[in-house]
Amino acid sequence: MAVDLLLGLQWGDEGKGKIVDVLTNNYNIIARFQGGPNAGHTLVFNGRKHVLHTIPSGIFHDEATNLVGNGVVIDPVIFKGELDKLAEQNVDYKNSLLISRKAHIILPTHRLLDAASEASKGKAKIGSTLKGIGPTYMDKTGRNGIRVGDLELANWKERYRTLADKHESMIAYYDVEIEYDLKELETEFFKAVEVLKSLKFIDSEEYIYQAQKSGKTILAEGAQGSLLDIDFGTYPFVTSSNTTAAGACTGLGVAPNQIGDVFGIFKAYTTRVGSGPFPTELFDEDGETMARVGNEFGATTGRPRRCGWLDLVALKYACQVNGVTQLMMMKGDVLSGFKTLKVCTSYKYKGNVIEHLPYNIEPENVEPIYSEFSGWNEDLTAMSETSQLPQALNHYIEFLEKELEIPITIVSVGPDRKQTIFRN
Ligand code: IMP
C-alpha cells in the first residue's frame with residue numbers, strides 16, 4: 001500500500017492535528033516524520049482539548065499504531081510530559097506507540113544553545129520556539145548527534161557528557177547572558193530518558209516496509225508548514241527540517257514511488273508565528289478580528305500569531321513542491337462576518353506582476369495584488385453538510401479550486417472533530 005501524506009501548506013498551525021485525528025479511522029499507522037516539540041497539534045473531541053508535540057495525532061484511536069519516525073527530534077522531558085497527560089486520560093500508549101532508533105535526541109544543552117543563538121541575533125532573531133530544534137538538527141548533520149538507539153548502548157552517558165561539555169563551551173562563545181542550572185536540567189533529563197527507554201524502539205524503515213507489504217494503511221503526519229521548510233521556506237526564518245513531501249521519504253524511509261495521496265492543509269486566511277516576511281500580513285482591524293475570532297495563539301509557546309489574507313501565490317508554490325492531490329481548508333468559520341474578503345493572486349515584484357514565489361518576499365521587494373470576494377454572515381460552526389454552506393463561501397472555495405487545480409475535499413468549520421464537512 002502506498003503511504004499517504006498530510007502536510008501544512010503555510011507557516012504551520014494550519015490544523016494538521018485535527019485532520020489527522022479525523023482521518024485516523026482510515027489508517028492502521030500514523031507516523032510523524034520530522035520536527036519535534038516545536039510543533040503543537042491540537043485535537044478537540046468530547047468537549048476536551050488535547051495538545052500533542054511529538055506524539056502522532058492518531059494516539060487517541062485504540063486501533064491505530066503511532067510511529068515517531070527517524071526524521072523527528074525528541075526531547076525526552078517534553079515527551080514524558082505528553083505521556084503523563086495520556087496516562088491521566090487512560091490512553092494505553094505502551095503498545096500503540098513506537099519510536100525509531102534513528103530519531104535524534106534533544107539534550108538540555110541543545111535548548112540552551114537555541115536560546116544563546118537567538119539572544120545573540122538581537123533583532124535578526126528567527127523567533128524560534130526555543131525547543132532546541134535547530135541545534136539538534138545541526139548535530140545530526142554535523143554527525144555528532146545522539147540517537148534513540150544509542151540509549152541502548154552501555155557508553156551513551158559518556159557520549160552525552162562529551163557533547164554536553166562541547167555545547168557548554170559553545171554557549172560561552174555566544175557571550176550572552178543565559179541563566180541555567182545544568183545539574184537540575186540533567187536530573188530531569190535522565191529521569192525522562194528512563195521513561196523513554198520503557199517504550200518500544202524499532203528499526204522503523206524496516207517496520208514501514210513490512211507494513212506496506214502486508215497491506216497496512218499508513219498516514220505520514222507533517223509538522224510545521226511548507227513555508228517553514230529548510231530548503232523551500234522563507235530562509236533563514238524557517239525551521240531546521242524538510243517540512244515538505246520529500247521530508248516524509250527521508251524521515252520515514254519511504255521510497256518516493258511509494259507515496260500515494262498528498263493531503264495539503266491550509267487556513268482560509270494566513271497566519272505566522274515568529275519572525276520573517278509575510279506579504280499579506282494585516283496590521284488593521286481585519287487582522288485583529290482574525291486573531292481574536294480564530295484564537296490565534298501558538299499551541300506550543302502561547303505567542304500571538306500574525307494574521308493576514310490568503311496568499312494564493314504562496315499556496316500554489318506549496319502545492320507544487322509537495323505534489324498535493326487533495327486540499328483541506330481550515331477555519332472557514334473564522335471569516336464569517338467580513339463584508340469583503342481578499343485573496344492575494346499575484347505580486348508586484350521589481351516593477352513586474354508575477355504569479356510565482358520569488359527568491360525574496362521581504363516587504364521592500366513584494367507588494368501583494370488582491371482579488372476581492374463578498375463575505376458571508378452565517379455562523380458555520382453547526383453546519384455539517386456542503387448544502388448548508390453559504391453561497392459566498394462556495395464561491396470562495398470554487399475560486400481557490402480553479403486557481404490551484406486541486407479539489408478541496410474537507411472544509412473545517414470549528415476545532416471539534418465533528419465540525420468537519422466532507423466535499424465530494
Ligand atoms: P524552531 O523550529 O523552533 O527553530 O523555530 C523556527 C521558526 O519556525 C520560528 O519562526 C517558529 O515560530 C516557527 N515554528 C516552528 N515550529 C512551528 C509550528 O509548529 N507552528 C508554527 N510555527 C512554527
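Two exercises with worked solutions follow, both set on a predicted model.

**Exercise 1. Helix α5**

Determine whether the end-to-end distance of helix α5 agrees or disagrees with its expected span, and establish where its buried residues lie.

*Solution.*

Step 1. Helix α5 covers residues 156–174, which is 19 residues. At 1.5 Å a residue, the helix should span 27 Å. The C-alpha atoms at its ends are 27 Å apart, so expectation and model agree.

Step 2. The buried residues of α5 are Trp156, Tyr160, Leu163, Ala164, His167 and Ile171. Viewed down the axis of α5, these buried residues fall within an arc of 105 degrees, and therefore they line one face of the helix.

Step 3. On the face turned away from the buried side, α5 carries the exposed residues Glu158, Thr162, Ala172 and Tyr173.

Step 4. The cover over the buried residues of α5 includes helices α3 (108–121), α4 (133–141) and α6 (182–197).

Step 5. After α5 comes Asp175, which has a positive phi, near 55 degrees.

**Exercise 2. Phe399**

Classify Phe399 as buried or exposed, and identify which residues it touches beyond four places away in sequence.

*Solution.*

Step 1. Phe399 is located in helix α11, residues 391–404.

Step 2. The relative accessible area of Phe399 is 19%. Buried means under 20%, so Phe399 is buried.

Step 3. With residues up to four places away in sequence not counted, Phe399 touches Leu312, Val343, Thr345 and Phe373.

Step 4. One of these contacts is Phe373. Phe373 and Phe399 are 26 residues apart in sequence, and their C-alpha atoms are 9.7 Å apart in space.

Technical notes. Residues numbered from 1 in each chain as written. Predicted model: local features only at pLDDT ≥ 70, side-chain atom pairs only at ≥ 80, totals over all residues. Heavy atoms only, no water. Helix = DSSP H or I, 4+ residues; strand = E, 2+ residues; numbered from the N terminus. Expected span 1.5 Å × (residues − 1). Buried < 20%, exposed > 50% of the residue type's maximum accessible area, 1.4 Å probe, protein only. Arc of directions from axis to C-beta. Contact = heavy atoms within 4.5 Å.
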